[in-house]
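This report describes selected local features of one protein model. The sequence and the structure are shown first, and the description follows.

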Amino acid sequence: MHYADGKTTPCLNVLPSQVHGCSDLNTSAFIQRMIQAGKPNLIVFTGDNIFGFEAKDSAKSLNAAFAPAIAAGIPWAAVLGNHDQQGTLSREGVMKHIVGLKHTLSQFNPSEAHIIDGFGNYNLEVGGVEGSGFANKSVLNLYFLDSGDYSTVPSIPGYGWIKPSQQLWFQRTSSKLQSAYMRPAMAKKSFAPGLVYFHIPLPEFASFDASNFTGVRQEGISSASINSGFFTTMVEAGDVKAVFTGHDHLNDFCGQMTGIQLCYAGGFGYHAYGKVGWSRRARVVVASLEKTDEGGWGAVKSIKTWKRLDDGHLTAIYEQVLWSKNLIPKV
């Protein structure tokens, strides 16, 4: 969102006809329209929630940035980007403030991980339908990680990355959830699908071109200058079906690699850099449950996605199936 000071913060990279009166409030209005149109069960903010450099009071900016989700009473979750901490709150302070806001499911860090890098590493479990065989199980696992801001290693320039301590927590959490899902020995042939959210894209996002992704690539992939190995960690875990990142506002695509969809959220905020004439956008993700032979609800059968443009009609584009229980992924 790159939210700053509200009404006094101008929009960037918009048409001349849009400049007058355009501000952070346009970002808030876009969230409100998305909520009204989609009636989501969960809203995820993928970092750079505020633009710290231009936020006079980071706490007030955070309150305003998340206000539409809070006012709607819809559960929401957030991770940190590389600009959130550049104002009057430290990175730790920003995450502490976020977890204190109403209706958020965001967590400061996992209680079971005594030492972990970053702030805002946590997971959420989406429970199965009450009365079904999945009533007390998580049928969809959501993982949130802090991908850092900038390298703290003098010999390594550029952006931050997901550290070994975070990857270890992810591995342990994924393994624990998979074990719980398979108990008792029901006729389950696969694990519950997992979705992963963080801000800075992995180097693997650069593996695609127009022939093997859905969407558009309009700028370079601004990943860390080293490869942390987190993609391999996710492949080894076996449950991750899709990753969602922010950071590169003009890149808006999903590409599949080794069974995992790597997706951009797409530029959302009006005070974030964009492209004149190219609509701000948001990603919708829908997980559907299968119907059992008895007419009840079962496990997640598919995960679909599309983008909505802030063009007056909330035009839907790039609809695709990210994962289906019945489809064998291409390798």
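The side chain of S106 reaches the backbone nitrogen of A78 at 3.0 Å, and it also makes a polar contact with the side chain of T104 at 2.7 Å. A polar contact is a pair of N or O atoms within 3.5 Å; within protein, one must be able to donate a hydrogen and the other to accept it, and residues adjacent in sequence count only if both atoms are side-chain atoms.

The model is a predicted one, in which local features need pLDDT of at least 70 and side-chain atom pairs count only at pLDDT 80 or more, while totals for chains, interfaces and linings use all residues. Residues are numbered from 1 along each chain as its sequence is written, and side-chain values use heavy atoms, with hydrogens and water left out.

S106 is placed in the loop between α4 and β3 (122–127). Helices (H or I, at least four residues) and strands (E, at least two) are DSSP runs, numbered from the N terminus. S106 counts as buried because its relative accessibility is 7%; buried means under 20% relative accessible area, exposed over 50% and partly exposed in between (1.4 Å probe, protein chains only). Neighbours within four places in sequence aside, S106 is in contact with W76, A77, A78, M95, I98, V99 and Y122, where contact means heavy atoms within 4.5 Å.

Helix α3 (58–72) begins with a cap: a side-chain oxygen of D57 lies 3.1 Å from the backbone nitrogen of A59. The 15 residues of α3 should span 21 Å at 1.5 Å a residue, and its end C-alpha atoms are 22 Å apart, which agrees; the expected span is 1.5 Å times one less than the number of residues. A kink of about 55 degrees lies at F66, shortly before the proline P68. The bend at a residue is the angle between axes fitted to the seven residues ending there and the seven starting there. The buried residues of α3 include L62, F66 and P68, and the buried residues of this helix pack against α2 (24–38), β1, β2 (76–79) and α4 (91–99). Just after α3, G73 takes a positive phi of about 70 degrees.

Positive phi also occurs in two residues other than glycine, D48 and L314.

| Residue | Loop between | Relative accessibility |
|---|---|---|
| D48 | β1 (43–46) and α3 (58–72) | 2%, buried |
| L314 | β11 (297–309) and β12 (316–324) | 9%, buried |

Phi is about 50 degrees in D48 and near 50 degrees in L314.
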